[in-house]
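Reader: Hello! Could you take me on a close look at one part of this model, the strand that follows the second helix, and show me what surrounds it?

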Amino acid sequence: MEQDNSEDDSVGPTEDDAQPPFPLGLYSEAVEVLWQVRTQRRQAEPDLPDTVTRLTTPEGSIVYLVGTAHFSDSSKNDVATTIRAVQPDVVVVELCQYRVSMLKMDEKTLLKEAKDINLEKVQQAIKQNGVMSGLMQILLLKVSAHITEQLGMAPGGEFREAFKEAGKVPFCKFHLGDRPIPVTFKRAIAALSLWQKARLAWGLCFLSDPISKEDVEKCKQKDLLEQTMSEMIGEFPALHRTIVAERDIYLTHTLRQAARCVEAPPNAEKVAAVVVGVVGMGHVPGIEKNWDKELNIHEIMSVAPPSRLGWVVRNVLKGAMWGLLGYACFRASKGVGKALLSLPTVQSLFENIRTPSI
């Protein structure tokens, strides 16, 4: 199996790579045999779970899109069943390079990591995304930690299952299909007003409703999911656009790229590809809607610079909002908010607000 993402980290051949460890003829035969074995294992008309949506390309490639609940054992089973049945050329998951570490971590470590929101995580989020986007990332991590604590189950089990099963399929590539998380958070923060940011932060920090495993499994039903999304659109339409709708476009683009024809041995003949995509069920309707559309990826990868209009007002109000966020994080994360307010970056910002520019 090969792991891949949007960046090309490959290097050129070295002197040791110049000659294969065995004759080229034998190597070619082994490749052809493995290709035939995979072809024989691939089911022409697979009996797949109801959570799988089948998409096709003009070249004849097939994408089996597995809609999952991120905290679900049955979703892991759906992913494994699909990959084993269709023996894909490529597996694409709803992760980016900033979250790839969860693929190789064991469940116990992930449970501990998900529940432990500490100062180091706050500093890393701020360094990676900036103060405002970093704070929002920490608050969303708090939501994930809440679900983790309620269910005793670490997130991303379906992605780890996809990674494991892809490794068992000859010639299967593994792609990270999601937009980089810093871009998503920066665009989300830029799209919200200060008042919306404060309301969202307050709501996330004081999330305490109990969640059952039955509630999570209901997320795999499109009717309930659409109802939930409608409520969020009414509350924060800009947030829905950046966190959900734009990522629908990005995931669609990644899946279509993965579904380009592949080269079959022994003559490198171009043949239609088979792809398995593993995404949250909330992204499935958007991917279906965008599948045949012209997509502008560059537009959703840029972060517009802030306008000068309202700069003075924003700087005056930022201090109050950071105080609110710091207090909320303190309540939600056992002292993280207090530690956050002591960071040199935040202290410097308060000093700049108090000291008028000359």
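Author: Happy to; here is a walk from the whole chain to that strand and its surroundings.

A word on the ground rules: this is a predicted model, in which local features need pLDDT of at least 70 and side-chain atom pairs count only at pLDDT 80 or more, while totals for chains, interfaces and linings use all residues. Residues are numbered from 1 along each chain as its sequence is written, and side-chain values use heavy atoms, with hydrogens and water left out.

The secondary structure of the chain comes to 15 helices and eight strands; these are DSSP runs numbered from the N terminus, helices being H or I with at least four residues and strands E with at least two. Of the 358 residues, 45% count as buried, where buried means under 20% relative accessible area, exposed over 50% and partly exposed in between, with a 1.4 Å probe and protein chains only. Among the contacts with a separation of 6 or more, 82% come from residues 24 or more positions apart; a contact means heavy atoms within 4.5 Å.

Let us come in through helix H2, residues 73–86. Its 14 residues reach 21 Å from the first C-alpha to the last, close to the 20 Å expected at 1.5 Å a residue, the expected span being 1.5 Å times one less than the number of residues. Ser-75, Asp-78, Val-79, Ala-80, Thr-82, Ile-83, Ala-85 and Val-86 are buried in H2. After the helix comes Gln-87, with a positive phi near 45°.

The loop between H2 and strand E4 (90–93) holds Asp-89, which is buried with a relative accessible area of 5%. Setting aside residues up to four places away in sequence, Asp-89 touches Trp-35, Arg-38, Arg-42, Phe-171, Cys-172, Lys-173, Val-262, Ala-272, Ala-273 and Val-274.

Now the strand itself. Val-90 and Val-92 point one way from E4, Val-91 and Val-93 point the other way, and all are buried. E4 runs parallel to E5 (173–176), and four bridges join these two strands. Two strands pair if DSSP finds at least two bridges between them. In this pairing, Val-93 stands opposite Leu-176 in E5. E4 also pairs with strand E8 (residues 274–280), in the parallel sense and over four bridges, with Val-90 opposite Val-275 in E8.

What does Val-93 touch, leaving aside its neighbours within four places in sequence? Its contacts are Phe-159, Ala-162, Phe-174, His-175, Leu-176, Gly-177, Asp-178 and Val-278.

The strand also feeds the largest nonpolar core, which has 25 residues; those with the most contacts inside it are Tyr-64, Val-91, Val-93, Ala-162, Phe-174 and Val-276. Strand E3 (62–68), H2, E4, H6, E5 and E8 are the elements that give two or more residues to this core. Apart from it lies another core, of 15 residues, among them Leu-55, Leu-65, Ala-258 and Ala-259. A nonpolar core here is a set of buried Ala, Val, Leu, Ile, Met, Phe, Trp, Tyr and Cys residues joined through side-chain atoms within 4.5 Å. In soluble globular proteins, nonpolar side chains tend to be buried together.

Finally, the rings. A search of the whole structure finds two aromatic pairs. Rings of Phe, Tyr and Trp (its six-membered ring) pair if their centres lie within 6.5 Å; planes under 30 degrees apart count as stacked, over 60 as edge-to-face and the rest as tilted. Trp-35 and Phe-171 form a tilted pair, because their ring centres are 5.8 Å apart and their planes lie at 50°. This pair links distant parts of the chain, 136 residues apart: Trp-35 is in helix H1 (residues 24–41), and Phe-171 is in the loop between helix H6 (157–166) and strand E5. Trp-35 is buried at 14% relative accessible area, whereas Phe-171 is partly exposed at 34%. The other pair, Phe-163 and Phe-174, is edge-to-face because the centres are 5.1 Å apart and the planes are at 85°. Phe-163 lies in helix H6 and Phe-174 in strand E5, so this pair ties together parts eleven residues apart in sequence. Both count as buried, Phe-163 at 16% relative accessibility and Phe-174 at 0%.
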